[in-house]
Every structure is written in structure tokens, then in C-alpha cells.
There are 2 protein chains.
Amino acid sequence: MLQASADIDTSETLTERQKAVLDAALRLLVEEGDNLTMTAVARRASCSKETLYKWFGDRDGLLTATVQWQASKVRVVPVDGERLDLASLTASLEGFAADWLKVISSDTSIALNRVAVGHAGSGKDDLGAIVLENGRFALARRLKPVLLAGKQAGLLDFTDADTAFRSFFGLVARDVQIRLLLGDRLELTEAAIGGDAVRATQQFLALFGAKTGRRATDL
Amino acid sequence: MLQASADIDTSETLTERQKAVLDAALRLLVEEGDNLTMTAVARRASCSKETLYKWFGDRDGLLTATVQWQASKVRVVPVDGERLDLASLTASLEGFAADWLKVISSDTSIALNRVAVGHAGSGKDDLGAIVLENGRFALARRLKPVLLAGKQAGLLDFTDADTAFRSFFGLVARDVQIRLLLGDRLELTEAAIGGDAVRATQQFLALFGAKTGRRATDL
DNA sequence: GGCAAGCCGTACCGTACGTTACGGTTCGCC
DNA sequence: GGCGAACCGTAACGTACGGTACGGCTTGCC
């Protein structure tokens with residue numbers, strides 16, 4: 001399984017200057033992909049290579065710090081346990097779907113996932129685990145309480161929350177992420193994302209909504 | 001959009017020896033990831049580096065040739081336009097789902113997608129386009145006739161075949177591919193794949209089946 | 001002012017690897 | 001047998017880049 005320590009919060013121990021350096025590395029990563037050099041980072045951040053090595057150890061350390069820094073920036077607000085009716089549940093699901101689509105189609109997410117996927121091949125570090133922990137698994141942790149509350153309120157019907165979540169995930173993301181990672185041009189306008197979010201939510205409710213009586217077997 | 005020339009068949013112009021070399025490169029790619037060296041390929045294939053460069057130009061040429069070679073190996077049989085009832089449609093969909101899960105969870109697919117994703121970052125070659133063309137888009141080309149036939153036979157109800165396909169794709173793949181690419185251990189036994197295939201098919205039929213009368217809006 | 005710490009800029013080193021060059025061997029053909 | 005083409009094995013070259021060292025500058029402290 002994944003390292004439990006992958007999502008420890010390191011953003012507190014960073015000085016402002018260090019954050020600025022990591023931001024520079026992040027921008028460079030988005031522009032150049034994984035073939036960014038230490039020299040390039042130093043030049044972009046207007047710092048010396050010696051400082052980079054003193055702060056982050058080596059290249060992999062810089063990369064992991066960059067990934068964790070970005071992860072710490074998207075730390076999310078826990079969803080409030082509001083009173084749940086079908087409308088608010090639908091709105092909540094649509095919000096999650098739109099947020100997720102916005103994330104996975106963003107330049108930084110694509111760049112970060114690219115380097116993490118590349119590094120997962122030669123398992124030196126656990127960039128993949130970090131990305132996964134702060135991406136897909138963080139989404140699950142945020143969404144599951146909503147699903148459980150929906151079930152509690154009699155709005156949803158499923159036996160395994162994880163299975164339900166993964167179906168929702170599939171209906172939302174479909175082939176978007178893999179196509180973007182593989183370099184397919186895929187314009188996701190704000191409107192298209194909104195449309196996809198309501199479509200995915202409607203489909204999910206059709207499959208797991210309790211009201212309709214009939215539903216697909218959820219295993 | 002994607003290069004139309006990405007799926008030209010090069011498997012005919014290759015000698016047996018060349019195919020053997022590419023097989024060696026493929027095995028090495030699965031084992032070592034993207035950091036395979038020309039020397040390693042030459043040693044594994046028992047050929048000289050001079051030959052590698054004469055045949056494939058440079059390292060990128062060897063990589064693209066390897067990817068295309070693997071792609072040409074999984075060229076599929078077109079689905080036969082059999083008489084369609086619900087049982088045969090269900091079986092066909094389950095077959096597609098199981099096949100796809102088997103493919104994306106295979107070691108070679110993971111390795112190939114990893115290098116393609118990595119190369120998509122620094123857009124020197126179009127490995128990503130090749131993988132996409134022979135993976136996700138090939139699947140769509142094979143599946144769409146089945147969906148259309150299902151609609152024709154009054155078994156399915158949708159307005160846009162592409163949208164229906166992408167929902168099917170999402171229900172089948174869910175988070176499997178991205179998790180595997182990011183290095184998450186995810187045991188997919190034969191039985192689990194079979195179970196997922198029927199689950200995804202049932203969910204798809206629940207959403208797009210025509211018999212039930214009620215269905216989710218498909219856009 | 002003197003000084004130490006932290007950092008910038010840059011020059012430098014070592015190495016891995018892509019690419020090329022070359023001698024030796026096999027094989028088909030005359 | 002003689003010959004050329006294709007190819008193997010390996011040595012050699014060039015370079016890019018990770019990592020280190022060092023001189024100069026600023027800043028805070030005595």
C-alpha cells in the first residue's frame with residue numbers, strides 16, 4: 001500500500017524564500033517537463049546551486065519538495081455536515097466533480113503527474129505515492145463522508161462506499177486524465193466542465209440514488 | 001488533434017531479426033523503465049550499437065519503433081456483426097471491459113504508457129499519440145459499431161455514441177490506470193477483472209439501456 | 001570597524017550515456 | 001578461393017548535467 005507518511009505537512013517548516021524557490025521550480029516543471037536541470041532552477045529562482053543542494057539535498061529532494069509544496073497549496077476545506085436533501089447532495093456532488101475536472105486538466109497537475117508517473121517507473125522515490133495521496137485518495141477522503149451522509153439520509157443506496165466512490169470517479173474523469181497525460185489536446189472550457197459535472201452527477205444518482213427503487217447491482 | 005499517421009502499419013517492413021531486437025528492447029523497457037540505455041539494448045539483443053543506429057536512427061527512433069511494434073502485435077479482430085439480442089450485447093460489452101482491464105493492468109502497457117507520458121512532456125516525438133491511437137481510440141473504434149448496433153436493435157438509447165462510449169470507458173477503467181501508472185500496487189486477479197467487467201456492463205446498461213424506460217440524461 | 005553567517009554567481013570535476021568509428025567474423029555470391 | 005555486404009563487439013569521443021568548491025557580496029551582531 002501507500003506510504004502513510006506521504007502527506008505530512010511540510011509547508012510550515014519552509015521559509016518564504018524557500019517557498020519562492022519551489023514556486024520557481026514548479027513553474028519550470030510546468031514549462032519544461034521532467035528534464036529540468038538544477039542549473040535552470042537556480043537561474044530561474046535567482047539562487048545558487050549550492051543553496052539548492054544545501055536546502056533540498058539532491059535533485060530528487062528538490063522534486064519531492066516541489067511536489068509536496070504544490071500539494072500543500074491545494075489543502076482543502078473539509079465539507080461541512082450541512083443538513084442533506086437531494087438538492088444539496090446534488091450540488092455537493094457537482095461541486096466535487098467540477099473541482100476534480102478543473103484540477104486534473106490544469107497545467108500544474110498534468111506536469112506533476114507526468115514527472116510522478118515517470119519516476120514511478122524507476123522506483124527511487126515515492127513521487128507517485130505523494131501525488132496519489134494528495135490527489136485521488138484525498139478526493140476519496142473528502143467525498144466519502146458526503147456519500148455516507150447521503151446514505152444515512154436515505155438518498156443514496158450502496159453497500160460499499162469505496163465502490164460507489166470509484167464509480168463516481170470513473171463517471172467524472174472518464175478518459176480525460178490519461179488523454180491529457182499522453183499529450184492529447186483536449187480543451188476543457190468552464191462550460192464543458194460544468195456540463196460534465198452535472199452529467200456525471202446525474203448518472204451517479206441514476207445508479208446509486210435510493211429514490212428510484214430500481215438500481216444497478218453495486219457489486 | 002492526433003496525427004492520423006500514428007497507426008500506420010510498420011510491422012510488415014521489419015525483418016525477423018529486427019523484430020527480435022525490438023522484443024528485447026520491449027522486455028528491457030518493462031524491466032528498467034525509460035532509463036534504458038542503448039548499450040543495454042544492444043547487449044540484451046546481442047547486436048551492435050552500430051546496427052541499432054543504422055536501423056532506427058537514434059534513441060527516439062528506437063523507442064517509437066518499439067512502441068509501434070508492440071502496438072502492431074495487439075491489432076485486434078473486428079467484432080462480427082452477429083445478430084444482437086440483450087444477452088449477446090451484454091456478453092460483448094463484458095468482453096470489451098475485461099479485455100481492456102487486462103490490457104491496462106499488464107506490465108507492458110504500464111511501461112509503455114509510462115514512457116509515452118514522460119515523452120509527452122517534452123514534445124519531441126509523438127509516442128503519446130501512438131499509444132493513444134492504438135489504445136483508447138482503437139477501443140472506441142471497435143466498440144462504437146457494437147453500440148450503434150445495440151441502438152439499432154432497440155437495446156440501447158443514446159444520442160451521441162462518443163458520449164456513451166466515454167461513460168462506458170469511465171465505468172470500466174475508473175481509477176485503475178492512473179493508480180497503476182503512479183506506482184500503486186493494485187492486484188487485478190482474473191476473477192476481479194471478470195467481476196468488474198460485469199459490474200461496469202450492468203451499470204452501463206442501467207444508464208443507457210432502452211428497455212427500462214427511465215434513463216439518465218446522456219448529456 | 002571587524003567578523004561570521006548566509007547566499008549568489010560561476011567555475012570546476014566526474015560520470016553516464018548518446019553517438020561514432022573501427023577491427024574482426026560470418027555469409028551469400030561469383 | 002576471393003570478395004563485398006551485413007553485422008558483432010568494443011573502444012573512443014563529446015556533451016550534458018548532477019554535484020562540489022570557492023570568491024565576493026550583503027546583513028546582522030559585537
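A residue counts as near a DNA strand if one of its heavy atoms lies within 4 Å of that strand. Keep that in mind for the views below, which come from a predicted model.

**View 1. Meet the residues around DNA strand D.** There are 16 residues around this strand, and A:Lys49, A:Glu50, B:Arg17, B:Glu50 and B:Thr51 come nearest. Sorted by class, the surface near DNA strand D has 7 charged, 5 nonpolar and 4 polar residues. Now flip to the DNA's side: of the strand D atoms within 4 Å of the protein, 57% belong to sugar or phosphate, and the rest belong to bases.

**View 2. Zoom in on the phosphates of DNA strand D.** Look for the side chain of B:Thr51, where an N or O atom sits 2.8 Å from a phosphate oxygen of the strand. For B:Arg17, that side-chain distance to a phosphate oxygen is 2.9 Å, and for A:Tyr53 it is 3.4 Å. Two elements give two or more residues to the surface near strand D: α3 (49–56) of chain A and α3 (49–56) of chain B. The top giver is α3(B), with 4 residues.

**View 3. Peek into the largest pocket.** Its volume is about 1,200 Å³. The lining takes in 49 residues, and the closest to the pocket's centre are B:Val117, B:Gly118, B:His119, B:Ala120 and B:Gly121. Both chains pitch in: α1 (16–32) and α6 (107–121) of chain A, plus α6 (107–121) and α7 (127–134) of chain B, each supply at least two lining residues. As for the mix, this lining has 17 polar, 16 nonpolar and 16 charged residues.

Methods
Residues numbered from 1 in each chain as written. Chains lettered and ligands numbered in written order. Predicted model: local features only at pLDDT ≥ 70, side-chain atom pairs only at ≥ 80, totals over all residues. Heavy atoms only, no water. 1 Å grid on protein atoms, 1.4 Å probe; cavity = no way out; pocket = protein on both sides within 12 Å on 5 of 7 lines; lining within 4 Å. Points joined across faces, edges and corners; volume = space filled by probe spheres on them. Nonpolar A, V, L, I, M, F, W, Y, C, P; charged D, E, K, R; others polar. Polar contact = N/O pair within 3.5 Å; in protein donor to acceptor, adjacent residues only side chain to side chain.
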